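Open the model in your viewer and keep the sequence panel beside it. At each stop you will be told what to select and what is there.

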Amino acid sequence: MSAEGQVMKGEGDARHLTTAEVARRLDIKPETVYAYVSRGLLTKLPASGRRGSLFREDEVAKLARGRRHRERSTMDDIATTISAIEDDQLYYRGRNVADLLATHPVESVAGLLWTGELDSAPAEFNAPAAILRTTRAAVGALGESARLTDRMRVAVTVASASDQLRFDLSPQGVLRTARIILAVEADCLGPHHDSGTLAERLGPALTEHVLPAGLLDSTLTLLADHGLAISTMAARVAASARVHPYGVVSAGLGAMDSQYHGAASTVAYRFLADAMADPLGAASERLRLGGGLPGFGHLIYQTTDPRAELLLTILRSLPDAAPALEAIDTITDHLGAPHTAVPNIDLALAVLMHTYRMRPDAGEAIFALARTIGWIAHTLEEYAERPMRFRPNHAPVP
């Protein structure tokens with residue numbers, strides 16, 4: 001008897017399907033089945049006495065009905081091999097991100113996400129001098145009120161207009177453009193440091209303090225990719241239309257400039273500033289207003305955000321981080337779950353910012369520069385798919 005006809009006891013005598021059968025029933029790739037699992041659309045069950053996983057047929061049938069009734073192309077069909085989240089752990093190309101922090105700079109991690117290979121001695125990411133001059137002139141014309149991510153968006157747009165090779169969508173062309181984009185993002189924000197690692201060039205734009213070696217680099221690595229986040233989806237939709245990489249990154253930066261996504265670290269920073277002066281008073285005020293505590297909770301992680309855990313562990317070894325961490329610990333000790341369950345990466349970024357007296361928008365800039373690496377990886381992956389696959393009803397393109 002096939003697995004499609006088998007009955008497993010202990011689950012209400014529900015019928016179960018194998019991964020291959022689910023993929024065939026939904027007309028999707030087998031790896032997309034696990035993408036559905038990560039989004040909570042399907043429940044993965046162990047297959048007793050055999051390899052692989054099983055899935056409830058009633059869940060699969062419900063999902064199939066929903067797919068048939070939708071009149072638009074579904075984002076649920078996207079499968080990615082770039083990063084994965086399993087059991088509250090983050091993986092880049094199958095490698096636990098925790099194993100990459102102390103051993104590889106973010107430039108090597110970028111290579112891993114882009115090509116699947118880790119380069120132990122990656123070259124610096126630089127932009128042609130003419131593009132960099134034009135970009136700096138345009139960014140320099142912005143007023144003092146311009147945020148760091150405003151400067152990044154202008155820099156990417158101007159660099160695009162200055163690069164005659166931007167329409168080279170071959171893998172080699174995309175990698176060339178990617179290095180230019182990351183260089184102008186890092187070099188347009190503050191003092192002119194157009195040599196060195198990305199972290200070394202970004203740091204002076206964020207703070208006047210000297211950062212410990214590797215701290216900012218590790219933070220960039222932790223934020224480089226995170227599955228199909230909203231800004232990544234915006235980037236992939238643009239890439240599906242074969243927008244060049246500058247335009248793809250611009251789409252990602254636009255989606256990130258939002259209250260529910262890129263601004264989260266700034267909200268956590270301001271909350272932590274209040275909490276450092278009066279921990280319980282700051283928490284009480286947030287509860288009085290009916291909202292959750294900024295920097296706590298996550299849509300995906302159930303018990304811990306591994307990115308926050310890794311960064312906070314590093315910060316706890318630094319004496320200057322004590323005031324911010326003590327405020328968090330006081331709130332956690334008095335409130336506990338559910339209010340302080342799952343400290344997230346935005347809270348860890350806020351601690352980093354306060355520890356080194358960074359600009360209030362520094363977290364957004366770190367996030368944007370790091371996530372650009374992921375957007376490029378998704379661009380390469382999306383270019384390998386059929387174009388315009390997100391157009392509703394797959395209607396003919398006029």
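A residue is called buried when its relative accessible area is under 20%, exposed when the value is over 50%, and partly exposed in between. The model you are looking at is predicted.

**Stop 1: two aromatic pairs**

Begin by selecting W114 and F125, which are both buried. How many aromatic pairs does a search of the whole structure find? The search finds two. A pair of aromatic rings is described by the distance of the centres and the angle of the planes. The rings of W114 and F125 are stacked, with 5.8 Å from centre to centre and 20 degrees between the planes. W114 belongs to helix α4 (residues 106-115), while F125 sits in the loop between α4 and α5 (129-140), so the pair ties together parts that are eleven residues apart in sequence.

Now select Y34 and F55. This aromatic pair is edge-to-face, with centres 6.1 Å apart and 70 degrees between the planes. Y34 is in helix α2 (residues 30-38) and F55 is in strand β3 (residues 53-56), so distant parts of the chain, 21 residues apart, are linked. F55 has a relative accessibility of 0% and counts as buried, whereas Y34 is partly exposed, at 33% relative accessible area.

**Stop 2: a small set of strands**

Select residues 83-86, the strand β4, then residues 89-92, the strand β5, then residues 95-96, the strand β6. They make an open sheet of three strands in the order β4-β5-β6, with antiparallel pairing. Which strands are at the edges? The edge strands are β4 and β6, each pairing on one side only. Strands of a sheet pair through backbone hydrogen bonds, either parallel or antiparallel.

Look at β4 and β5 together: four bridges join them. One residue to pick out is E86, whose bridge partner in β5 is Q89. The hairpin of these two strands has two residues between the strands, and D87 takes a positive phi near 50 degrees there.

Move on to β5 and β6, which are joined by two bridges. Select Y92 and R95 to see one bridge partnership, and Y91 and N96 to see another. The hairpin of β5 and β6 also has two residues between the strands, and in this hairpin R93 takes a positive phi near 50 degrees.

Before leaving, show the side chains of β5. In a regular strand the side chains alternate between the two faces of the sheet. Which residues of β5 are on its covered face? L90 and Y92 are on the covered face, and Q89 and Y91 are on the uncovered one.

**Stop 3: salt bridges**

Side chains of opposite charge can pair when their charged atoms come close. The count of salt bridges comes to 18.

Select D257 and R153, which form a salt bridge with the closest N and O atoms 3.4 Å apart. D257 lies in the loop between α11 (245-256) and α12 (264-277), and R153 lies in helix α6 (residues 148-162), 104 residues away in the chain. D257 is partly exposed, with 36% relative accessible area, and R153 is partly exposed as well, with 22%. Widen the selection to R147, D150 and E364: with R153 and D257 they are linked in a network of salt bridges.

Next, select R288 and E285. Their closest N and O atoms are 2.8 Å apart, in a salt bridge. Both belong to helix α13 (residues 279-288); because they are three residues apart there, about one helical turn separates them. R288 is exposed, at 60% relative accessible area, and E285 is partly exposed, at 36%.

For another salt bridge, select E382 and R389, whose side chains meet at 2.7 Å, N to O. Are these two residues buried or exposed? E382 and R389 are both buried.

**Stop 4: a buried charge**

Finally, select E185, which is in helix α7 (residues 171-187). This residue is buried yet has no salt bridge. Which side chain of opposite charge is nearest to E185? It is that of R153, 9.6 Å away.

Now add T372 to the selection. The side chains of E185 and T372 are joined by a polar contact of 3.0 Å. To see the surroundings, show the residues that E185 touches, leaving out those up to four places away in sequence: M152, V156, V249, L253, A368, L369 and T372.

Methods:
Residues numbered from 1 in each chain as written. Predicted model: local features only at pLDDT ≥ 70, side-chain atom pairs only at ≥ 80, totals over all residues. Heavy atoms only, no water. Buried < 20%, exposed > 50% of the residue type's maximum accessible area, 1.4 Å probe, protein only. Pairing = 2+ DSSP bridges. Phe/Tyr/Trp six-rings, centres within 6.5 Å; stacked < 30°, edge-to-face > 60°. Lys, Arg positive; Asp, Glu negative; His and termini not counted. Salt bridge = Lys/Arg side-chain N within 4 Å of Asp/Glu carboxyl O. Polar contact = N/O pair within 3.5 Å; in protein donor to acceptor, adjacent residues only side chain to side chain. Contact = heavy atoms within 4.5 Å.
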